[in-house]
Amino acid sequence: MAKEIKCILVEVDKLLISEIEEIDAELGNPNCKLTNPVVFESLDKMKPLVEASDDVEFMIRSEDILTIASPTKEVIKKYIDLTS
């Protein structure tokens, strides 16, 4: 799976915008790499997933993702402006 910018719902009220890439891993281990994930609250309110870290890559298990969707062009532009 190529790296793409997606909306990733990880909790009913927690939406992330991130580049996501599927990684081969043993069953139960993290198998999705998130690059530059941000928490999305609104177009004007996005913040890094982990503000206390300078890391830009985070691993997550696909089982922890509720759904994935394509963001709007406006969201992609704001995300790129924020993470570039």
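This passage describes the nonpolar cores, the cysteines and the largest pocket of a predicted model.

A good place to start is the interior. The largest nonpolar core has nine residues, namely I8, V10, L16, I20, C32, L34, V39, I60 and I65. Strand 1 (4-11), strand 2 (14-22) and strand 3 each contribute at least two residues to this core, and strand 3 gives the most, with three residues. A second, separate core comprises six residues, among them C7, I17, V38 and V75. In soluble globular proteins, nonpolar side chains tend to be buried together.

Within the largest core, L34 offers a handy view of the surroundings. Leaving aside residues up to four places away in sequence, L34 touches I8, L16, S18, E19, I20, V56, E57, F58 and I60. Of these partners, I8, L16, I20 and I60 are themselves listed in the largest core.

The two cores also bring in the cysteines: C32 is part of the largest core, while C7 is included in the second. C7 counts as buried, at 13% relative accessibility, and C32 is likewise buried, with a relative accessible area of 7%. How many disulfides are there in the model? The count comes to zero. A disulfide calls for a pair of cysteine sulfur atoms within 2.5 Å, and the sulfur of C7 has its closest cysteine sulfur in C32, 15 Å away, so the two are too far apart for a bond. Seen from the other side, the closest cysteine sulfur to that of C32 is in C7, and the 15 Å between them is again too far for a bond.

Turning to the pockets, the largest has a volume of about 160 Å³. Its lining is made up of 13 residues, with N36, P37, P48, D55 and V56 lying nearest the centre. Strand 3 (32-42) and helix 1 (73-83) are the elements that give two or more residues to this lining, and the largest share, three residues, comes from strand 3. By residue class, the lining divides into eight nonpolar, three polar and two charged residues. V56, one of the residues nearest the centre of the pocket, is also among the contacts of L34.

N36, another of the residues nearest the pocket centre, deserves a closer look at its backbone. This residue is found in strand 3, and it has a positive phi of about 55 degrees although it is not a glycine. Strand 3 thus links the topics covered here: it gives the most residues to the largest core and the largest share of the lining of the largest pocket.

Conventions:
Residues are numbered from 1 along each chain as its sequence is written. This is a predicted model: local features need pLDDT of at least 70, side-chain atom pairs count only at pLDDT 80 or more; totals for chains, interfaces and linings use all residues. Side-chain values use heavy atoms; hydrogens and water are left out. On a 1 Å grid over the protein atoms alone, a cavity is a set of points where a 1.4 Å probe fits but cannot get out, and a pocket is an open set with protein on both sides within 12 Å along at least five of seven lines; lining residues have an atom within 4 Å of a point. Grid points are joined across faces, edges and corners, and a volume is the space filled by probe spheres set on the points. Helices (H or I, at least four residues) and strands (E, at least two) are DSSP runs, numbered from the N terminus. Ala, Val, Leu, Ile, Met, Phe, Trp, Tyr, Cys and Pro count as nonpolar, Asp, Glu, Lys and Arg as charged, and the others, Gly among them, as polar. Buried means under 20% relative accessible area, exposed over 50%, partly exposed in between (1.4 Å probe, protein chains only). A nonpolar core is a set of buried Ala, Val, Leu, Ile, Met, Phe, Trp, Tyr and Cys residues joined through side-chain atoms within 4.5 Å. Contact means heavy atoms within 4.5 Å.
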